[in-house]
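Welcome, and thanks for taking a look at this one. Below is a short tour, grouped by topic, to read with the model open beside you.

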Amino acid sequence: MSVSSGKTVPFLTQEILSHLGLANKTAAWGTLGTLRTFLSFSVDKDVQRLLRAITGQGVDHRAIVDVLTNRSREQRQLISRAFQERTRQASGSAEDVAMEILATRDPSQLQECLTVYKHSESSLAVAWGKDFQVEAEEDIKSETSGILRDLLLALAKGGRESYSGIIDYNLAEQDVQALQQAEGPSTERTWVLIFTQRNPVHLIRVFDQYQQYTGQELEEAVRNRFHGDIQVALLSLASVIRNTPLYLADKLHQALQETKPNYRILMRILISQSETDLLSIRAEFKKKFGKSLYSSLQDAVKGDCRSALLALCRAEDI
């Protein structure tokens, strides 16, 4: 992936971010401080600007300096966290592909994907470099390890409960308490169990109650308790649970922001969602990024794929 090319530059940028985050709290307006809160602050825009600055033709030092020296300590910490997640995730990695496919398909679609995996070059098989007949679960076991492997295997089994229309308030409270108490390596599987077995409606209630009880968003707890691939996987799964179309809109946006558009991701999402919820994805894309998916594809995509992807997207969102 382009983000990982020239590893020294992302690491240097991250080092600068980490040091800036240690600075004393920015002085308020009207004091003698030289750096103040940036009023038009957007975490996503700043991270995108930093990524473009380090992945283009030569490093754009001016852009990096402009962002990092014109944001308050709190703003820099938000940028640092988002930058770490983006550069660690690698949008085309096998684990990321696995999470996307296993987490966003309904039970019947998932079963079809797993069946096709064994007999053809599915997206996940290609990502892991497999071209022979083998069960997806076997590849997950051989290519991943630890708690991440447990999470992906649980998703692959498709054991998530379906929503019955009845809210189980007692179970929601029990799950919140279980997540609060689940600290340390021996309790990681509690998070996996709840995240992969409960239905999304129930989980959204758990997420909301967790924040009410602790004063902390559940995603923040994930960032504090987990690291590396499992942190990224749990954050991705939380995004899917909260709003699947928005999660996929983010992935499309990331694919379009790379130095060269990631055609594999664009094709996978547009093709797989064109008969289910692409209109919802288009709406979330326009709402978050202020520009339609159709126009974004027109501007970024070139070559033979352009007409096909635009045809799948279908129309402009005004």
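A nonpolar patch here is built from residues with over 30% relative accessible area and no salt bridge, with nonpolar side chains joined within 5 Å. Please keep in mind that this is a predicted model. By that rule, Tyr163, Ile167, Tyr169 and Val201 make a nonpolar surface patch of about 370 Å².

**The chain as a whole**

- The protein chain holds 19 helices and 0 strands.
- Of its 318 residues, 44% count as buried.
- Its accessible surface comes to about 16,600 Å², and 50% of that belongs to carbon and sulfur atoms.
- Taking contacts between residues at least 6 apart in sequence, 68% join residues at least 24 apart.

**A member of the nonpolar patch**

- Where does Tyr163 sit? You will find Tyr163 in the loop between helix 9 (146–156) and helix 10 (169–181).
- Tyr163 has a relative accessible area of 41%, so it counts as partly exposed, and this value is over the 30% that a patch residue needs.

**Helix 17, one side in and one side out**

- Helix 17 covers residues 278–289, which is 12 residues. At 1.5 Å a residue the helix should span 16 Å, and its end C-alpha atoms are indeed 16 Å apart, so the two values agree.
- Which residues of helix 17 are buried? They are Leu278, Ile281, Arg282, Glu284, Phe285 and Phe289.
- These buried residues cover an arc of only 165° around the axis, which means that they lie on the same side of helix 17.
- Leu279 and Lys287, on the other side of helix 17, are exposed.
- The packing partners of the buried residues are helix 2 (43–55), helix 15 (244–257), helix 16 (263–273), helix 18 (293–300) and helix 19 (305–313).
- After helix 17 comes Gly290, with a positive phi near 70°.

**His202 and its surroundings**

- His202 is part of helix 12 (residues 200–214).
- Is His202 buried or exposed? Its relative accessible area is 9%, so His202 is buried.
- Leaving aside residues up to four places away in sequence, His202 touches Asp168, Leu171, Ala172 and Asp175.

**Salt bridges**

- Side chains of opposite charge can pair when their charged atoms come close.
- With nitrogen and carboxyl oxygen required to be within 4 Å, the count comes to 16 salt bridges.
- Arg198 and Asp175 meet through their side chains in one of them, at 2.8 Å from N to O. Arg198 lies in the loop between helix 11 (188–197) and helix 12, while Asp175 lies in helix 10, so this pair ties together parts that are 23 residues apart in sequence.
- Both partners are covered: Arg198 counts as buried at 13% relative accessibility, and Asp175 is buried at 4%.
- Lys288 and Asp250 also form a side-chain salt bridge, again 2.8 Å from N to O. Because Lys288 belongs to helix 17 and Asp250 to helix 15, the pair ties together parts that are 38 residues apart in sequence.
- Lys288 is partly exposed, with a relative accessible area of 41%.
- Salt bridges that share partners join Asp96, Glu100, Lys251 and Arg268 into one network.
- Arg73 pairs with Glu74, their closest N and O atoms being 3.4 Å apart; Glu74 is partly exposed, at 31% relative accessible area.

Methods:
Residues numbered from 1 in each chain as written. Predicted model: local features only at pLDDT ≥ 70, side-chain atom pairs only at ≥ 80, totals over all residues. Heavy atoms only, no water. Patch = residues over 30% accessible without salt bridge, like charges linked within 9 Å, V, L, I, M, F, W, Y side chains within 5 Å. Areas by Shrake-Rupley, 256 points an atom, 1.4 Å probe, with all protein chains shown as cover. Helix = DSSP H or I, 4+ residues; strand = E, 2+ residues; numbered from the N terminus. Buried < 20%, exposed > 50% of the residue type's maximum accessible area, 1.4 Å probe, protein only. Expected span 1.5 Å × (residues − 1). Arc of directions from axis to C-beta. Contact = heavy atoms within 4.5 Å.
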